[in-house]
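Trainee: Could you take me through one part of this model in close detail, and then show me how the parts of the chain are put together?

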Amino acid sequence: MQWSDEAIILGIRRHGESSVIAEVMTPGHGRHLGLVRSGRSRTMQPVLQPGNSVEVSWRARLDEHLGEFRVEPLQLRAARLIETATSVYGIQALGALLRLLPERDPHPHLYEALAVIVDHLQDPADAGELFVRFELAVLNDLGFGLDLSRCGATGARSELVYVSPKSGRAICREAGAPYADRMLALPDFLSGGSRAADHESLAAAFRLTAYFLNRHVYEPRGVDAASARDGFVHATLKALKSASSAA
């Protein structure tokens with residue numbers, strides 16, 4: 001059994017004296033693990049860092065085996081990703097989200113989204129908005145997608161300012177007004193509005209996705225959300241607040 005694919009490194013763990021088990025995200029083979037022999041060598045250590053793009057060739061005697069990776073570098077981002085807190089926490093939080101999906105289950109659109117996000121993690125506004133959209137995409141692939149395109153009560157496509165915590169559907173201002181204290185806020189940038197993400201709207205968006213991830217994923221599985229998400233959210237909102245104050 002063998003295949004080759006492009007991939008983004010999600011993480012590694014030691015295996016024996018000199019090898020590592022690498023975890024990667026690929027477009028055609030999903031999140032996949034493989035043994036990299038001599039992965040702790042001076043040559044391979046800089047390559048096997050989270051966020052780097054690589055070419056992997058996987059080989060195993062049987063499909064269900066762990067198998068071995070041969071890894072060639074394509075784009076090394078790791079040195080840049082350790083420069084800011086949003087990048088450091090962001091790549092860890094993205095990996096944690098992908099681990100919610102079954103191993104080896106292809107999600108090519110998530111791979112494409114991941115490739116875009118890792119190139120924007122140093123910009124807090126872009127990173128925050130892309131991360132929220134990535135969380136929504138993961139929820140959708142897990143079968144818990146939100147419908148933010150039209151009002152769940154009236155069918156209207158304008159003035160969408162709430163999300164029902166029960167149905168996960170957008171609610172327009174008029175229909176939701178009597179129940180505003182029970183609703184989740186829907187940021188303008190997620191409802192098709194023209195306003196770009198800012199500190200306030202991103203804070204609301206993080207609360208929105210956290211609510212549905214906890215309700216549908218973490219609580220039913222009896223697990224906690226990755227601490228890296230809290231670190232990313234805090235770093236992103238802090239950077240945006242500082243930028244707003246400086247302006």
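Mentor: Alanine 228 is placed in helix H7 (residues 227-246), where helices (H or I, at least four residues) and strands (E, at least two) are DSSP runs numbered from the N terminus. This is a predicted model, in which local features need pLDDT of at least 70 and side-chain atom pairs count only at pLDDT 80 or more, whereas totals for chains, interfaces and linings use all residues. Residues are numbered from 1 along each chain as its sequence is written, and side-chain values use heavy atoms, with hydrogens and water left out.

Alanine 228 counts as buried because its relative accessibility is 7%, the classes being buried under 20% relative accessible area, exposed over 50% and partly exposed in between (1.4 Å probe, protein chains only). Leaving aside residues up to four places away in sequence, alanine 228 touches Tyr89, Gln92 and Ala93, a contact meaning heavy atoms within 4.5 Å. The C-alpha atoms of alanine 228 and valine 88 are 8.7 Å apart, although these positions lie 140 residues apart along the chain.

Histidine 107, in the loop between helix H2 (85-98) and helix H3 (108-117), also counts as buried, because its relative accessibility is 7%. With residues up to four places away in sequence again left out, histidine 107 touches Met25, Pro27, Leu101 and Asp141.

As for the wider arrangement, the chain is divided into domain 1 (1-75) and domain 2 (82-147 + 185-244), with bounds that come from an automatic or database domain assignment. Their centres, taken over C-alpha atoms, are separated by 25 Å, and the contact draws 22 residues from domain 1 and 17 residues from domain 2. About 1,600 Å² is buried between them, 57% of it given by carbon and sulfur atoms; this buried area is the accessible area (1.4 Å probe) that two parts lose on being put together, summed over both. Within domain 1, Ile8, Met25 and Arg31 lose the most area to domain 2, together 40% of what that side buries.

The two domains share 1 salt bridge, defined as a side-chain nitrogen of Lys or Arg within 4 Å of a carboxyl oxygen of Asp or Glu. The side chains of arginine 99 and glutamate 23 meet in a salt bridge at 2.8 Å, N to O. On the side of domain 1 that touches domain 2, strand E1 (2-15), strand E2 (19-26) and strand E3 (30-36) each supply at least two residues.
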